[in-house]
Amino acid sequence: FKILFIAWLTALVSTAGSLFFSEVMQFPPCSLCWYQRICMYPLVLIIGVALFSLDRKVLKYSLPLALIGWFFALYHNLLHWKIIPESAAPCRQGVACSTVYIDWLGFLTIPLMSLSGFTLILVLLMIFSKHTKNEVLNAQS
């Protein structure tokens with residue numbers, strides 16, 4: 001369950017980071033940011049509950065949210081990298097999805113942090129699933 005703990009910690013840090021950027025730094029989130037938040041925030045609770053209850057079926061509940069969030073984050077990054085034209089952005093009112101609030105080290109943006117968080121969570125969930133399946137198979141032998 002160490003792997004699951006790291007996935008939970010990643011979701012927690014991602015959630016805290018997004019709240020820090022919007023509430024403390026006063027960066028208003030765009031539409032794509034909201035969709036990513038909708039997918040990330042529940043992962044803190046879902047993975048957290050799985051940790052405390054030792055629920056090995058957490059993948060069933062967390063994988064759909066992590067995958068959907070990953071796709072939104074990928075799309076957001078494609079807009080930032082100008083691979084997808086800005087006219088294809090869903091942000092019609094308020095903050096543009098192409099707005100760059102931070103650009104650390106010349107490449108690290110908020111959308112890239114989101115994509116990295118979702119990617120790490122997905123990888124960790126898959127590793128956890130593989131270990132769980134191996135434990136079940138070894139117990140049956």
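## Phe5 and its surroundings

Phe5 is found in helix α1. The model in which this residue is described is a predicted one. With a relative accessible area of 40%, Phe5 is partly exposed, because this class lies between the cut-offs of 20% for buried and 50% for exposed.

Phe5 takes part in an aromatic pair with Trp8. The ring centres of Phe5 and Trp8 are 5.7 Å apart, and the planes of the two rings meet at 35°. The pair is described as tilted because stacked planes must be under 30 degrees apart and edge-to-face planes over 60. Helix α1 covers residues 2-24, and within it Phe5 and Trp8 stand three residues apart, so about one helical turn separates them.

Phe5 also belongs to a nonpolar patch on the surface. The other members of this patch are Ile6, Leu9, Leu12 and Val13, and the five residues have about 410 Å² of accessible area together.

## Overall architecture

The protein has four helices and zero strands. Read from the N terminus, the order of its elements is α-α-α-α. The C-alpha trace spans about 55 × 30 × 30 Å along its principal axes.

How much of the protein counts as buried? Of its 141 residues, 38% fall into that class. The protein exposes about 8400 Å², and 71% of this area is supplied by carbon and sulfur atoms. Contacts within the chain can also be sorted by sequence separation: among those with a separation of 6 or more, 71% are between residues 24 or more positions apart.

## Aromatic residues

The structure holds eight aromatic pairs. One of them, formed by Phe5 and Trp8, has been described above. A second tilted pair consists of Tyr35 and Phe72, whose ring centres are 5.0 Å apart and whose planes stand at 35°. This pair links distant parts of the chain, since Tyr35 lies in helix α2 (residues 31-53) and Phe72 lies in helix α3 (residues 58-80), 37 residues apart. Tyr35 has a relative accessibility of 36% and is partly exposed. Phe72 is partly exposed as well, with a relative accessible area of 28%.

Aromatic residues also appear in a group: Phe20, Phe21, Phe27, Tyr101 and Trp104 form one aromatic cluster. Another arrangement involves a charged residue and a ring. Arg37 lies over the face of Trp34, at 5.0 Å from the ring centre.

## Residues distant in sequence

Two pairs of C-alpha atoms illustrate how positions separated in sequence are placed in space. The place of Ala16 is in helix α1, and Ala16 is partly exposed at 44% relative accessibility. Tyr41 is 25 residues away from Ala16 in sequence, while the C-alpha atoms of these two residues are 9.2 Å apart. Leu74 belongs to helix α3 and is partly exposed, with a relative accessible area of 25%. Its C-alpha atom is separated by 9.6 Å from that of Ser116, which is 42 residues away along the chain.

Is His80 buried or exposed? His80, which lies in helix α3, has a relative accessibility of 14% and counts as buried, because this value is under 20%. Leaving aside residues up to four places away in sequence, His80 touches Cys97, Ser98, Thr99, Val100, Thr109 and Pro111.

## Positive phi angles in the loop

Most residues other than glycine have a negative phi. Which phi value does Lys82 have? The phi of Lys82 is near 65°, which is positive although the residue is not glycine. Lys82 is located in the loop between α3 and α4 (110-140). At 68% relative accessibility, Lys82 is exposed.

Leu105 has a positive phi too, of about 60°, and is likewise not a glycine. Leu105 is placed in the loop between α3 and α4. Its relative accessible area is 75%, so Leu105 counts as exposed.

Note on methods: Residues are numbered from 1 along each chain as its sequence is written. This is a predicted model: local features need pLDDT of at least 70, side-chain atom pairs count only at pLDDT 80 or more; totals for chains, interfaces and linings use all residues. Side-chain values use heavy atoms; hydrogens and water are left out. Rings of Phe, Tyr and Trp (its six-membered ring) pair if their centres lie within 6.5 Å; planes under 30 degrees apart count as stacked, over 60 as edge-to-face and the rest as tilted. Buried means under 20% relative accessible area, exposed over 50%, partly exposed in between (1.4 Å probe, protein chains only). A charge sits over a ring if NZ of Lys or CZ of Arg is within 6 Å of the ring centre and within 35 degrees of the ring normal. Patches are made of residues with over 30% relative accessible area and no salt bridge: like charges are joined within 9 Å, nonpolar side chains (Val, Leu, Ile, Met, Phe, Trp, Tyr) within 5 Å. Accessible areas come from the Shrake-Rupley method with a 1.4 Å probe; for residues, only the protein chains shown count as cover. A salt bridge is a side-chain nitrogen of Lys or Arg within 4 Å of a carboxyl oxygen of Asp or Glu. Contact means heavy atoms within 4.5 Å.
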